[in-house]
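Please take a moment with the sequence and the structure shown here before reading on. The explanation below is meant for someone meeting them for the first time.

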Amino acid sequence: GALVATVPVGAPVRSIAAGVNGVTFYVLDGDAAAASVSVINTSTDQVQGTVPVPLHSVAAIPDPEQLVLWVLQPDGLVDEVALSSGKLRAEFSIGNSGLALALSPDGKTLYALKGTSSVCNVAIVHLATESVSRVLPAPADALGLVLSPDGSTLYDLVGTPTVGNIQAFSLGS
């Protein structure tokens, strides 16, 4: 339980995602004036670079090749941002109230948690067509998503000041 490193990033941190290589982390942070994703190399405990993202972004996650960032905004817009240049490659909508993202292990399906404290759902987005293929219910007060390493189970992170749990949903084959 000893602290082994501290890597300064902007504040406040809004989300964090790990690259599939197990070495790189992507930290979305921002304030009222700007937002960016800091790319952190845990081998060196250094920020390798930053990628600007839309001001009100709430989540960011890299593709498996770590070439693209998928960035979610609270109005439901999803941006595809090239990590090498920071340039916007595509933008599409998954519906209002974006909260969190998860990506399938093959990088073909994006899961976007949307909603409010009373009504939530998960949009399943086929990235080749940039369209929502179906919508799954999510528990009220869902805050985040995590996909199992094999992509078969979606975990909804649920929290309020008095309740906290993780709910697992089978995605089938």
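The paragraphs that follow turn from a sheet to some details of the backbone.

The model is a predicted one, and a good place to begin is an open sheet of four strands, which are arranged in the order S1-S2-S3-S4 with antiparallel pairing. Because S1 and strand S4 (46-53) stand at the edges and each has a single partner strand, one side of each is left without a neighbour in the sheet. From one strand to the next, the twist averages 20°. Strands of a sheet pair through backbone hydrogen bonds, either parallel or antiparallel. In the case of S1 and strand S2 (residues 24-30), the two run antiparallel and are joined by five bridges, and one can follow the pairing at Ala17, whose bridge partner in S2 is Tyr26.

Just as the sheet can be traced strand by strand, the backbone can be followed for its less common geometry. Most residues other than glycine have a negative phi, and most peptide bonds are trans. Against that background, the peptide bond from Ala11 to Pro12 is cis, with omega near -5°, and Pro12 belongs to the segment before strand S1 (13-18).

Two further residues deserve attention for their phi angles. Glu130, although not a glycine, has a positive phi of about 55°, and it lies in the loop between strand S11 (120-126) and strand S12 (131-138). Asp141, which is not a glycine either, has a positive phi of about 65°, and this residue is found in the loop between S12 and strand S13 (142-147).

How accessible are these residues, buried, partly exposed or exposed? Glu130 counts as partly exposed because its relative accessibility is 28%, and Asp141 counts as partly exposed because its relative accessibility is 25%.

Methods. Residues numbered from 1 in each chain as written. Predicted model: local features only at pLDDT ≥ 70, side-chain atom pairs only at ≥ 80, totals over all residues. Heavy atoms only, no water. Buried < 20%, exposed > 50% of the residue type's maximum accessible area, 1.4 Å probe, protein only. Pairing = 2+ DSSP bridges. Axes fitted to C-alpha atoms, helices over the stretch in contact; angles between N-to-C directions.
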